[in-house]
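Walk through the model from its symmetry outward. Keep the viewer open and follow each contact in turn.

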There are 2 protein chains.
Amino acid sequence: MSVELRAFQSLKLWHDVHLDLVHHGGDLSSRQIAILLTIYLEPPPHTVRGLARKLRVTKPVITRALDTMGKLDLVARRRDEADRRNVVIQRTVAGALAVERLGDVITAHAKELPR
Amino acid sequence: MSVELRAFQSLKLWHDVHLDLVHHGGDLSSRQIAILLTIYLEPPPHTVRGLARKLRVTKPVITRALDTMGKLDLVARRRDEADRRNVVIQRTVAGALAVERLGDVITAHAKELPR
DNA sequence: GTCAAATAATACGGCGCCGAAACGAACGGT
DNA sequence: ACCGTTCGTTTCGGCGCCGTATTATTTGAC
């Protein structure tokens, strides 16, 4: 029963945060969220190939997500001068702020949950 | 600093669960997730109008989401016989299982987080 | 210098969701 | 019986993401 309760709390958190995102958030797909958070939570450098491997998706998925998030100024691309085939994905100020804000939203809703 | 740490943990949870969803989950949009969880977490009855109000989206959004999730057998529709203008949204066995499974995924990842 | 391998980007056809507007069915007051 | 209101659905043009296949650039081995 306590297990069920915990699952319910988790689901309520999921529900509340998604509700928040629907209203105030630029809506990114699950894939885009996973990519964005990988970039901001795991140590750089990040490449298209590396992200594709880590998330087990094809490279065009990464390229397109970077296009979209780049337009939103959430990430930036830079050619790797050491090996010009590679593209290094860089964080941006706006992106860092957006991720930070997301973290705040999650923790705020988590705090409201009964323990 | 402890605040930052908690935000980081929240973001890691968000990242990990989304990663899981990308691989094993039927991919629903943020709106669809919010709708689905509202139906399964809040007490019935649910109507198109009520869901639209609660999520602050237009009614066609609800109709289309119900179409999609209905095809996936996550929810079902029933005409309200008392007032035949209304449509009552019903839960399904498959939907309950899917929601339960999502709860399990979230709690499992949450458990792995350092406190 | 040449060629195979690796990397990222692009082209293509398809599918799903969007917002706004129009629509049809059902209700309720008079 | 009418008529305004409510409810859910449908239509329309548009946009974004998908997977697969192809392209362009760069590298490194020989």
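**How the copies meet**

This model is predicted. Of the interface residues of chain A, 100% are also interface residues in chain B, so the two copies meet through the same surface. What operation superposes chain A on chain B? A rotation of 180° does, with 0.0 Å of shift along its axis and an RMSD of 0.0 Å. That is the relation of a two-fold axis. In chain A, Ser29(A) has the C-alpha nearest the axis, at 3.3 Å.

Next comes the fold. Chain A contains five helices and three strands. Along the sequence they run α-α-β-α-α-β-β-α. The C-alpha trace of chain A spans about 55 × 25 × 20 Å along its principal axes.

Now turn to DNA strand D. Around this strand there are 20 residues. Those that come nearest are Arg31(A), Arg49(B), Lys59(B), Thr63(B) and Arg77(B). By class, the surface near DNA strand D has five nonpolar, five polar and 10 charged residues. Which helices each supply at least two residues of that surface? Chain A gives helix 2 (30–41) and helix 4 (59–71). Chain B gives helix 3 (48–55) and helix 4 (59–71).

The backbone of the DNA figures strongly in the atom count. Of the atoms of DNA strand D within 4 Å of the protein, 68% belong to sugar or phosphate, and the rest to bases. Individual atom pairs fill in the picture. Gln32(A) places a polar side-chain atom 2.8 Å from a phosphate oxygen of DNA strand D. Arg49(B), listed above among the nearest residues, has a polar backbone atom 2.6 Å from a phosphate oxygen of this strand. For Val87(B), a polar backbone atom lies 3.4 Å from a phosphate oxygen of DNA strand D.

DNA strand C is the next stop. It too has 20 residues around it. Arg49(A), Arg31(B), Gln32(B), Thr68(B) and Arg84(B) come nearest. The surface near DNA strand C divides into five nonpolar, five polar and 10 charged residues. Helix 3 (48–55) and helix 4 of chain A each supply at least two residues there, as do helix 2 and helix 4 of chain B.

What share of the atoms of DNA strand C within 4 Å of the protein belongs to sugar or phosphate? The share is 72%, with the rest in bases. Two phosphate pairs come from chain A. A polar backbone atom of Val48(A) is 3.4 Å from a phosphate oxygen of DNA strand C. An N or O atom in the side chain of Thr63(A) is 3.0 Å from a phosphate oxygen of the strand. Lys59(A) contacts a base instead: a polar side-chain atom of this residue lies 3.1 Å from a base nitrogen of DNA strand C.

Finally, look at the second largest pocket. About 530 Å³ of space lies in it. Its lining has 27 residues, and Gly26(B), Asp27(B), Leu28(B), Ser29(B) and Ile33(B) are the closest to its centre. Both chains take part. Helix 1 (2–24) of chain A supplies at least two lining residues. So does each of helix 1 (2–24), helix 2 (30–41) and helix 5 (93–112) of chain B. By class, the lining of this pocket holds 13 nonpolar, 10 polar and four charged residues.

Terms used. Residues are numbered from 1 along each chain as its sequence is written. Chains are lettered from A and ligands numbered from 1 in the order in which they are written. This is a predicted model: local features need pLDDT of at least 70, side-chain atom pairs count only at pLDDT 80 or more; totals for chains, interfaces and linings use all residues. Side-chain values use heavy atoms; hydrogens and water are left out. Copies are superposed by least squares on the C-alpha atoms of residues with pLDDT of at least 70 in both. Contact means heavy atoms within 4.5 Å. A residue is near a molecule or strand if one of its heavy atoms lies within 4 Å of it. A polar contact is a pair of N or O atoms within 3.5 Å; within protein, one must be able to donate a hydrogen and the other to accept it, and residues adjacent in sequence count only if both atoms are side-chain atoms. Helices (H or I, at least four residues) and strands (E, at least two) are DSSP runs, numbered from the N terminus. Ala, Val, Leu, Ile, Met, Phe, Trp, Tyr, Cys and Pro count as nonpolar, Asp, Glu, Lys and Arg as charged, and the others, Gly among them, as polar. On a 1 Å grid over the protein atoms alone, a cavity is a set of points where a 1.4 Å probe fits but cannot get out, and a pocket is an open set with protein on both sides within 12 Å along at least five of seven lines; lining residues have an atom within 4 Å of a point. Grid points are joined across faces, edges and corners, and a volume is the space filled by probe spheres set on the points.
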